[in-house]
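Reader: Please take a close look at the aromatic side chains in this model. Where do they pair up, and what surrounds them?

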Amino acid sequence: DGGLHIPHTNKKFPGFKASEEKGAEAEYDADAHKEKIFGGSVKDYMEMLAEEDPTKYEAHFSKYIAGDIDGEKLEDMYTEAHSKIREDPEHELAEKKGITHTKGEDNQFTSSDGTEHVRSKKITLEQRRAKVAAKIAAAQAKLLAADEDEDE
């Protein structure tokens, strides 16, 4: 731990149970916390989905299935990930893809990878109020037209 004193509390961790009576000691279940860290809740969800809805299970956990990881191998996967992090904790930045964006007409953006996006244009307060007034007028006109049709 490097000799650092980092003040913390167990209240935010899974497995903490506040005392029900005033003055009594709160409970902290370290095993429940460990189970969360090593994917115990994910394992339970995987097993439940595999039983009840296999198609949804295959959709949700397709990458796990492709990697031949089931509920039993989940803890081993997390243990291996933690050991790799401890070996080399330095974060390596991913290479930038070099994608550029060009603005065209009517807020149309084109990216260098071929994708196109349309961005909404900001309108002023007066324009928003006019838009709302037009919608209200259209709704009132529609109601009046329906009311006149019923009278005939």
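Author: Start with the term. Two rings of Phe, Tyr or Trp, the last by its six-membered ring, form a pair if their centres lie within 6.5 Å. Planes under 30 degrees apart are stacked, those over 60 are edge-to-face, and the rest are tilted. By that rule, this predicted model holds four aromatic pairs.

Take one of them. The ring centres of phenylalanine 13 and tyrosine 28 are 6.4 Å apart. Their planes meet at 50°, so this pair is tilted. What does the pair tie together? Phenylalanine 13 sits in the segment before strand E1 (16–17), and tyrosine 28 sits in strand E2 (residues 27–28), so the contact joins parts 15 residues apart in sequence. Are its two members buried or exposed? The cut-offs are under 20% for buried and over 50% for exposed. Phenylalanine 13 has 31% relative accessibility, so it counts as partly exposed. Tyrosine 28 has 33% and is also partly exposed.

Now the cluster. Ring pairs link Tyr45, Tyr57, Phe61 and Tyr64. Phe61 deserves a closer look. Leaving aside residues up to four places away in sequence, phenylalanine 61 touches Val42, Tyr45, Met46 and Leu49. One of these contacts, Tyr45, is also a cluster member. Two others, Met46 and Leu49, belong to the largest nonpolar core. That core has six residues: Met46, Leu49, Tyr57, Phe61, Ile69 and Leu74. Tyr57 and Phe61 therefore appear in both groups, the ring cluster and the core, since a core is a set of buried residues of the nonpolar kinds, Tyr and Phe included, joined through side-chain atoms within 4.5 Å.

Leu74 leads on from the core to the largest pocket, whose lining includes this residue. The pocket encloses about 160 Å³ of space. Its other lining residues are Lys34, Glu35, Phe38, Gly39, Gly40, Lys43, Asp44, Gly71, Glu72 and Glu75. By class, the lining has six charged, three polar and two nonpolar residues. Which helices supply at least two residues each? They are H1 (30–37), H2 (40–52) and H5 (74–87). H2 gives the most, with three.

Between helix H4 (62–66) and H5 runs a loop that holds aspartate 68. Its phi is positive, about 55°, although the residue is not a glycine. Aspartate 68 has a relative accessible area of 54%, so it is exposed. Aspartate 106 also has a positive phi of about 55° without being a glycine. This residue lies in the loop between strand E3 (101–103) and strand E4 (108–111). With a relative accessible area of 71%, aspartate 106 is exposed.

Next, some distances. Tyr57 of the core and leucine 144 are 87 residues apart along the chain, and their C-alpha atoms are separated by 53 Å. Leucine 144 is in helix H6, and its 54% relative accessibility makes it exposed. Arginine 86 is in helix H5. Its relative accessibility is 66%, so it counts as exposed. From arginine 86 to lysine 122 the C-alpha distance is 48 Å, over 36 residues of sequence. Lysine 121 sits in the loop between strand E5 (116–118) and helix H6 (125–151). Lysine 121 is exposed at 66% relative accessibility. Its C-alpha atom lies 6.9 Å from that of asparagine 107, and the two are 14 residues apart along the chain.

Back to the rings. The pair of phenylalanine 13 and tyrosine 28 is tilted, with phenylalanine 13 partly exposed and tyrosine 28 partly exposed. The cluster has Tyr45, Tyr57, Phe61 and Tyr64, and two of these residues, Tyr57 and Phe61, sit in the largest nonpolar core.

Notes:
Residues numbered from 1 in each chain as written. Predicted model: local features only at pLDDT ≥ 70, side-chain atom pairs only at ≥ 80, totals over all residues. Heavy atoms only, no water. Buried < 20%, exposed > 50% of the residue type's maximum accessible area, 1.4 Å probe, protein only. Contact = heavy atoms within 4.5 Å. 1 Å grid on protein atoms, 1.4 Å probe; cavity = no way out; pocket = protein on both sides within 12 Å on 5 of 7 lines; lining within 4 Å. Points joined across faces, edges and corners; volume = space filled by probe spheres on them. Helix = DSSP H or I, 4+ residues; strand = E, 2+ residues; numbered from the N terminus. Nonpolar A, V, L, I, M, F, W, Y, C, P; charged D, E, K, R; others polar.
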